[in-house]
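Got your viewer open? Load the model, and let's walk through it one selection at a time.

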Amino acid sequence: MLAGYAVHVEHSRGRRFPEPQHPYRNDFQRDRDRVIHARAFRRLEAKTQVFTRRYSDHFRNRLTHSLEVTQIARTIAGALNLNADLAEVLALVHDIGHPPFGHAGEKALDAAMREHGLFFDHNLHALRIVEDFEQRYAAFRGLNLTFEVREGIIKHSHDYSAKEHPELAEYLLDQRPPLEAQLIDLADEIAYNTADLDDGYEARLVSLEEIREGVPIFERFYQDVEKNYPDASHKLKFNEALKRVLNRFADDLIMNTQARLSQAGIRTLDEIRAHASRLAAFSPVVDAERQQTKDFLHQNIYFSPTLAGEKDDAERVVAELFAFWMENPATLPQSYQEKAKAESLPRVICDYIAGMTDHFILEQYEKHCG
């Protein structure tokens with residue numbers, strides 16, 4: 001039984017191009033399947049999350065990260081009596097617009113675009129992917145996803161201004177997104193705050209002692225684990241403590257969101273949309289713990305001197321390739337040369353680079369820039 005404030009698939013605003021109902025899959029389940037079968041989704045397997053494969057094949061990439069967010073999002077949605085199918089597809093698609101090389105690639109691509117008075121935004125790029133770039137159907141361009149999924153792609157982590165983005169007017173920018181979309185960014189944080197600690201420890205960028213000292217919530221659970229499993233290895237104790245951190249974040253998000261809904265007297269989806277702020281949230285205490293964890297990751301992993309060289313290389317590759325194609329557009333693939341007749345050249349180059357995997361962009365860099 002879904003809550004009254006959940007998104008009910010039978011009340012979906014539908015697809016841009018109407019299609020007959022499927023005999024045994026609802027529209028959000030079909031959207032999930034379309035995302036999973038998309039080329040852009042498959043390419044996430046070869047895009048950096050934080051650590052490149054020179055560290056280990058075991059570390060997260062954009063694809064495995066998206067799967068972890070999906071597991072967390074479905075669990076939270078189910079506990080809140082929300083539409084788990086919608087939460088699932090939004091989690092699967094939430095990173096589909098990211099370029100190669102993680103945040104370093106995104107930073108460089110945005111900087112290159114700003115030199116031409118433009119910008120790069122991975123959420124807006126994700127919408128372009130599902131609306132236009134993916135070509136799998138004879139009847140229409142894109143994946144023809146439901147309105148609720150397209151809206152969630154845009155609004156799950158950011159509130160866009162209707163004045164600054166008139167092209168997004170159809171997505172109800174003056175209203176809050178449904179709870180299924182609101183929880184995606186928070187599930188994303190739960191996933192990477194714990195996974196990046198795991199990968200950082202495995203990569204030996206941070207020691208167990210440094211994590212215990214710098215992440216109070218981890219230390220509290222680690223002490224409990226030591227009492228219960230005194231003879232376990234350090235790695236297994238680490239795993240047990242980290243699992244408890246993840247559970248605390250997820251449990252708190254569920255319980256605090258339920259409390260906020262009750263306090264606000266929310267009963268319908270329209271009331272969710274009309275509320276002055278987003279209702280999915282951590283409690284103040286746990287949000288402080290989340291921020292402490294995030295600060296530790298920024299200070300000790302994301303901006304680690306060990307990763308600085310790779311980040312600099314990534315930014316240089318993106319910047320130099322972008323500049324090369326601006327000066328030599330005839331070397332772009334024919335399809336992108338055709339696109340450049342209708343769209344600005346910087347935007348076309350941006351689209352091309354953003355879709356690349358880590359290894360493909362390095363091949364292009366070696367080919368064109370030496």
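**Stop one: D31**

Select D31 to begin: this residue sits in helix α1, which covers residues 27-36. Keep in mind as you go that this is a predicted model.

Is D31 buried or exposed? Its relative accessible area is 0%, so D31 counts as buried, the cut-off being under 20%. Now show side chains and add R15: the D31 and R15 side chains make a polar contact of 2.6 Å. To see what else is around, skip the neighbours within four places in sequence; D31 is then in contact with R15, V89, N144, L145, T146 and V149.

**Stop two: I254**

Next, jump to helix α11, residues 234-264, and pick out I254. With a relative accessible area of 12%, I254 is buried too. Which residues does I254 touch, once those up to four places away in sequence are set aside? Colour I76, A79 and L80 and you have them.

While you're here, draw a distance from I254 to A280, C-alpha to C-alpha. The two are 26 residues apart along the chain, and the separation comes out at 8.3 Å.

**Stop three: R316**

Now go to helix α14, residues 305-327, and select R316. R316 is partly exposed, with a relative accessible area of 38%. Turn on the side chain of D313 as well: a polar contact of 3.2 Å links the side chains of D313 and R316.

Try another C-alpha distance, this time from R316 to D287. These residues are 29 apart in sequence, and in space they lie 36 Å apart.

**Zoom out**

Clear the selections and show the whole chain as a cartoon. How many helices and strands are there? You should find 17 helices and zero strands. The radius of gyration is 22 Å, close to the 21 Å that the globule rule gives for 370 residues, so the chain is as compact as a globular protein of that length. If you add a bounding box along the principal axes, the C-alpha atoms fill roughly 65 × 50 × 40 Å.

Colour by burial next: buried residues account for 55% of the 370. A contact map is worth a look as well, since sequence separation shows up well there. Of the contacts between residues at least 6 apart in sequence, 71% join residues at least 24 apart.

Finish with the surface. The accessible area comes to about 17,200 Å², and 50% of that belongs to carbon and sulfur atoms. Colour by charge and you'll be looking at 46 positive and 60 negative side chains, with the centres of the two sets 3 Å apart.

Methods:
Residues numbered from 1 in each chain as written. Predicted model: local features only at pLDDT ≥ 70, side-chain atom pairs only at ≥ 80, totals over all residues. Heavy atoms only, no water. Helix = DSSP H or I, 4+ residues; strand = E, 2+ residues; numbered from the N terminus. Rg over C-alpha atoms; globule rule 2.2 N^0.38 Å. Buried < 20%, exposed > 50% of the residue type's maximum accessible area, 1.4 Å probe, protein only. Contact = heavy atoms within 4.5 Å. Areas by Shrake-Rupley, 256 points an atom, 1.4 Å probe, with all protein chains shown as cover. Lys, Arg positive; Asp, Glu negative; His and termini not counted. Charge placed at Lys NZ, Arg CZ, Asp CG, Glu CD. Polar contact = N/O pair within 3.5 Å; in protein donor to acceptor, adjacent residues only side chain to side chain.
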